[in-house]
Amino acid sequence: MENGGGDVPENANDHCPGTQSEAAGKADACAGCPNQQICATAPKGPDPDLLAIIERMNTVKHKILVLSGKGGVGKSTFSAQLSFALAEMDHQVGLLDIDICGPSIPKMLGLEGQDIHQSNLGWSPVYVESNLGVMSIGFMLPNPDDAVIWRGPRKNGLIKQFLKDVDWGEIDYLVVDAPPGTSDEHISIVQYLQIAGIDGAIIVTTPQQVSLIDVKKEINFCKKVGVPVLGVVENMSGLRQAFSDMKFVKPSEAGETDATEWALNYIKEKAPELLSVVACSEVFDSSKGGAEKMCQEMEVPFLGKVPMDPQLCKAAEEGRSCFTDQKCSASAPALKSIIKKLVKTK
């Protein structure tokens with residue numbers, strides 16, 4: 001295919017003048033191209049906001065993207081707990097939620113109902129602690145149940161505004177929680193952060209093939225756009241739960257009846273040592289090697305496994321760190337080990 005200068009989409013017509021050309025969307029060669037309308041209306045030439053983004057990001061030492069191929073794998077939970085952990089290590093931390101249509105970070109940081117304030121320096125993050133600030137579209141919605149029905153350009157505009165207008169101050173880490181997949185938001189955040197220097201991406205997955213298939217796409221996306229893969233985290237890697245926290249039921253043809261009290265009393269009487277045992281179960285099929293094997297095949301770092309821990313789920317629901325007490329005994333040590341690897345790498 002013979003094309004002109006500038007950026008040329010893969011699905012462009014022959015003799016495409018390039019998206020940055022003044023003739024983009026207007027030349028004869030553009031007739032019938034699926035990108036014609038976008039090219040004709042898009043601004044041309046260097047983006048004047050890029051300098052503002054560079055200046056704002058100059059006060060941020062490390063910029064880390066948290067990605068996932070699929071939704072529901074615990075990416076936002078990991079982003080939240082990563083931010084909590086870095087802050088508890090006395091780092092200055094910012095957490096930016098760019099999941100425009102499904103912002104869950106305010107809930108997971110215990111910040112529901114908070115508002116954004118503006119000053120002469122820009123938008124002020126909402127702070128959990130003095131060294132942990134958060135920004136999300138979730139703070140802008142009049143009603144948390146409101147649906148955000150935006151097309152790509154409007155989403156991209158907000159991401160750009162977050163990067164150039166939020167006054168993070170001098171911080172050590174900016175953790176960016178992205179939506180699942182490889183859509184407009186990902187292209188925009190990578191484009192904007194690359195000019196300011198991005199450390200790389202952490203990719204979160206679950207062990208089964210149906211998730212790993214999409215994670216491979218995410219890894220290939222990072223390789224194509226030049227974002228280093230800092231590593232892959234296998235989340236929900238088997239259920240770990242204290243035997244004493246489990247519930248028991250008696251199934252019958254009429255349905256199920258709760259047998260928890262009876263079962264625990266029986267165990268206390270007959271086998272009390274079981275109450276200190278942790279029950280383990282493989283929830284997702286990892287028989288094909290899970291994320292660790294995939295990382296070997298794709299030649300990217302494997303950071304570790306985090307078990308499915310009901311106490312971690314509860315911490316996320318309550319908007320608190322899983323590291324401040326001993327309740328998350330299954331998941332907190334695994335998360336700490338992964339985060340220490342990241343900090344050591346940085």
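**Exercise 1. Is Cys30 buried or exposed, and where does Cys30 lie?**

Before the solution, some conventions: this is a predicted model, in which local features need pLDDT of at least 70, side-chain atom pairs count only at pLDDT 80 or more, and totals for chains, interfaces and linings use all residues. Residues are numbered from 1 along each chain as its sequence is written, and side-chain values use heavy atoms, with hydrogens and water left out.

Step 1. Take the cut-offs: buried means under 20% relative accessible area, exposed over 50%, and partly exposed in between, with a 1.4 Å probe and protein chains only.

Step 2. With a relative accessible area of 8%, Cys30 is buried.

Step 3. Cys30 belongs to the segment before H1, a helix spanning 36-41 (helices, H or I, of at least four residues, are DSSP runs numbered from the N terminus).

Step 4. When neighbours within four places in sequence are left aside, the contacts of Cys30 (heavy atoms within 4.5 Å) are Asn13, Pro17, Ala23, Ala24, Gly25 and Gln36.

**Exercise 2. Explain why Cys16 forms no disulfide with Cys30**.

Step 1. A disulfide is counted for a pair of cysteine sulfur atoms within 2.5 Å.

Step 2. The closest cysteine sulfur to that of Cys16 belongs to Cys30 and is 6.0 Å away, which is too far for a bond.

Step 3. The structure as a whole holds zero disulfides; Cys295 is likewise in none, the nearest cysteine sulfur, in Cys222, being 12 Å away.

Step 4. Both Cys16, at a relative accessible area of 10%, and Cys295, at 2%, are buried.

**Exercise 3. Locate the residues that the UniProt record annotates as "binding site"**.

Step 1. The unreviewed UniProt entry places this annotation on Cys16, Cys30, Cys33 and Cys39; such annotations may be inferred rather than shown by experiment.

Step 2. These residues are spread over 24 residues of sequence, yet they cluster in space, with a largest C-alpha distance of 10.7 Å.

**Exercise 4. Describe how domain 2 and domain 3 meet**.

Step 1. The bounds, which come from an automatic or database domain assignment, give domain 1 (15-44), domain 2 (47-237 + 283-343) and domain 3 (238-279).

Step 2. Taken over C-alpha atoms, the centres of domain 2 and domain 3 are 36 Å apart, while nine residues of domain 2 are in contact with five residues of domain 3.

Step 3. The buried area, meaning the accessible area (1.4 Å probe) that two parts lose on being put together, summed over both, is about 520 Å² here, and carbon and sulfur atoms give 55% of it.

Step 4. On the domain 2 side, Ser237, Met308 and Pro310 lose the most area to domain 3, together 56% of what that side buries.

Note on methods: Helix = DSSP H or I, 4+ residues; strand = E, 2+ residues; numbered from the N terminus.
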